[in-house]
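Some notes on the strand pairing follow, for a colleague who has not yet seen this structure. Please read them with the sequence and the model side by side.

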Amino acid sequence: MSVPSPVHVAIDHPGAGQMTIFWSDGHESVYPLADIRKACPCATCRELKRQQQESGGLMLVAGPGLSASAEVVDVTTVGRYGLQLTWKDGHNTGIYTHEFLRKMCPCPLCQGSDE
Ligand SMILES: [Zn+2]
Ligand SMILES: [Zn+2]
């Protein structure tokens, strides 16, 4: 099965804390930006998460940008496979692939379909 691609990405209200993706197959995903930021796939954030896990999560609020900067200021298409998000704190090294984003869709339909 091929992965649907986003046809439109909307950050309706800056500060509202959510992002909507309209997919090529007609599906619509609404993501809390905080969750997207926490799932940032870049090397820096992955390393940060690894350290947090090792320290039992105590550093969670101290880590740079995990909650305070959960606001997206720009969305760029990367090739045919992903989206690059620029966060309010300037962080923009994470490339979110379409497949990754689609798997993250929090709607009951998506979350219930891949057991
Ligand atoms: Zn990152
Ligand atoms: Zn969904």
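1. D74 has T86 in β5 as its bridge partner. The model is a predicted one, so the pairings noted here are computed from predicted coordinates. β5 covers residues 82–87, and 6 bridges join this strand to β4. The two strands run antiparallel.

2. β4 and β5 belong to an open sheet of 3 strands, in the order β4-β5-β6. The pairing in this sheet is antiparallel. Its edge strands are β4, residues 72–78, and β6, residues 95–97. Each of these two pairs on one side only. On average, neighbouring strands of the sheet are turned by 30° against each other, with direction ignored.

3. Earlier in the chain numbering, β1 spans residues 6–10 and β2 spans residues 18–23. β1 and β2 are joined by 4 bridges in the antiparallel sense. A10 has T20 in β2 as its bridge partner.

4. β2 also pairs with β3, residues 28–32. Here 5 bridges connect the two strands, which again run antiparallel. Within this pair, F22 stands opposite E28 of β3.

5. What lies between the strands in the hairpin of β2 and β3? The hairpin has 4 residues between its strands, and G26 takes a positive phi near 90°.

6. A general point helps when looking at side chains in these regions. In a regular strand, side chains alternate between the two faces of the sheet.

Definitions and conventions:
Residues are numbered from 1 along each chain as its sequence is written. Chains are lettered from A and ligands numbered from 1 in the order in which they are written. This is a predicted model: local features need pLDDT of at least 70, side-chain atom pairs count only at pLDDT 80 or more; totals for chains, interfaces and linings use all residues. Two strands pair if DSSP finds at least two bridges between them. Axes are lines fitted to C-alpha atoms, for helices over the stretch in contact, and angles run from 0 to 180 degrees between N-to-C directions.
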